[in-house]
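Here is a short note to help you find your way around this structure. Please keep the sequence and the 3D view open as you read, and take the points in order.

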Amino acid sequence: LRLWLNRVLAAHSEVGDPAVFDNDVFPWIGNLERHWPAIRAEVEALVRSGEEVPAFHDVSPDQYKISKGEQWRSFFLWGFGYTVPANCARCPQTTWALDCVPGLTTAFFSILAPGTHIPRHQVVSKRLINCHLALIVPRQARPGTEGCRIAVDDKIFRWEEGKCLVFDDTYPHEVWNDTAETRVVLFLQFKRPLRQPGRVLGDLFLAAVR
């Protein structure tokens with residue numbers, strides 16, 4: 001059923017079905033990128049506070065196959081349309097900036113410790129599209145490695161601070177932080193623009209997951 005549904009959603013997509021999107025497809029991205037210094041300042045303050053940020057699999061237990069130990073941590077503002085009021089209150093500038101994102105369902109600070117590897121994986125529905133706003137990107141690779149990077153559908157991409165990377169995570173993807181520093185992005189999921197009946201079918205699926 002999932003595979004059939006994804007074929008229907010791809011056929012009814014108003015933005016095509018590439019693995020990685022041109023940012024110009026989504027006019028709101030420029031507005032979000034303009035706010036990146038304030039967003040980065042809030043996550044830096046969060047990290048400096050010493051508050052323990054939970055591991056990704058502690059928030060989303062079904063991610064146990066790709067999230068181990070404490071290396072991938074996540075500070076959630078939104079999750080499948082539910083807000084986390086206390087966390088939003090801690091990050092008011094970020095929360096305000098997210099108002100520009102149509103169809104936003106999930107938003108969290110994704111924090112990868114040095115040496116983290118997120119193995120190759122893919123998710124279940126084309127109803128959602130991923131966006132990473134790069135906030136802190138290590139530049140110095142460890143000897144013998146290729147540094148901090150993400151592979152989407154076998155192509156390598158590198159984050160650029162203050163810029164968004166928008167991709168479809170139903171394509172296989174994999175992440176490495178082969179550096180001695182922490183990598184931080186603002187991880188967003190938003191609804192793919194769809195024509196009917198794809199929109200209704202996709203929303204029914206999301207409602208079941210929610």
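1. A good place to start is the largest nonpolar core, which has 32 residues. Those that touch the most other members are Phe-26, Trp-28, Leu-32, Leu-98, Phe-109, Val-166 and Leu-188. Please bear in mind throughout that this is a predicted model.

2. Which elements give two or more residues to this core? They are the helices α2 (28-34) and α3 (36-48), together with the strands β1 (72-79), β3 (104-112), β5, β8 (164-167) and β10. As general background, nonpolar side chains in soluble globular proteins tend to be buried together.

3. Phe-26 is worth a click of its own. Setting aside its neighbours within four places in sequence, Phe-26 is in contact with Val-15, Phe-21, Ile-129, Val-166, Phe-190 and Pro-193. Apart from the core of Phe-26 lies another one, of 20 residues, which includes Trp-72, Val-137, Trp-159 and Val-175.

4. Next, look at strand β5 (128-136). Eight of its nine residues are buried, so β5 is largely enclosed by the rest of the structure. β5 pairs with β10 (183-191) in the antiparallel sense, over eight bridges, and Ala-134 has Val-185 in β10 as its bridge partner. β5 also pairs with β8, again in the antiparallel sense, over four bridges. There, the bridge partner of His-132 is Leu-165 in β8.

5. Strand β9 (residues 173-177) makes a good companion to that point. Five of the five residues of β9 are buried, so this strand is also largely enclosed by the rest of the structure. Both of its faces are covered: His-173, Val-175 and Asn-177 are buried on one side, and Glu-174 and Trp-176 on the other.

6. What are the pairing partners of β9? One is strand β4 (residues 117-121), which pairs with β9 in the antiparallel sense over three bridges; here Ile-118 stands opposite Val-175. Another is β6, joined to β9 by five bridges and running antiparallel to it. In that pairing, Arg-149 has Trp-176 of β9 as its bridge partner.

7. Helix α7 (residues 198-209) allows a simple check of geometry. At 1.5 Å a residue, its 12 residues should span 16 Å, and the end C-alpha atoms are 17 Å apart, which agrees. The residues Gly-198, Gly-202 and Leu-206 of α7 are buried. Seen down the helix axis, the buried residues of α7 fall within an arc of 60 degrees, so they line one face of the helix. Why might residues spaced in this way share a face? An α-helix has 3.6 residues a turn, so residues three or four places apart point the same way.

8. What covers that buried face, and what lies on the other side? The cover over the buried residues of α7 includes α1 (2-11), β5 and β10. On the other side of α7, Leu-204, Ala-207 and Ala-208 are exposed.

9. Please also look at the loop between β10 and α7, where Pro-197 is found. The peptide bond from Gln-196 to Pro-197 is cis, with omega near 0 degrees.

10. Two aspartates deserve a look at the backbone level. Asp-153 has a positive phi of about 55 degrees although it is not a glycine, and Asp-154 has a positive phi of about 70 degrees, although it is not a glycine either. Asp-153 is found in the loop between β6 (148-152) and β7 (155-157), and Asp-154 lies in the loop between β6 and β7 as well. Asp-153 counts as partly exposed, at 35% relative accessibility, whereas Asp-154 is exposed, with a relative accessible area of 59%.

11. Finally, the cysteines. How many disulfides are there? The count comes to zero, taking a disulfide as a pair of cysteine sulfur atoms within 2.5 Å. The sulfur of Cys-131 is 3.6 Å from the closest cysteine sulfur, in Cys-164, which is too far for a bond. For Cys-91, the closest cysteine sulfur is that of Cys-88, at 7.9 Å, again too far for a bond. Cys-131 is buried, with a relative accessible area of 0%, and Cys-91 is buried with a value of 1%.

Technical notes. Residues numbered from 1 in each chain as written. Predicted model: local features only at pLDDT ≥ 70, side-chain atom pairs only at ≥ 80, totals over all residues. Heavy atoms only, no water. Expected span 1.5 Å × (residues − 1). Buried < 20%, exposed > 50% of the residue type's maximum accessible area, 1.4 Å probe, protein only. Arc of directions from axis to C-beta. Contact = heavy atoms within 4.5 Å. Core = buried A, V, L, I, M, F, W, Y, C linked by side-chain atoms within 4.5 Å. Pairing = 2+ DSSP bridges.
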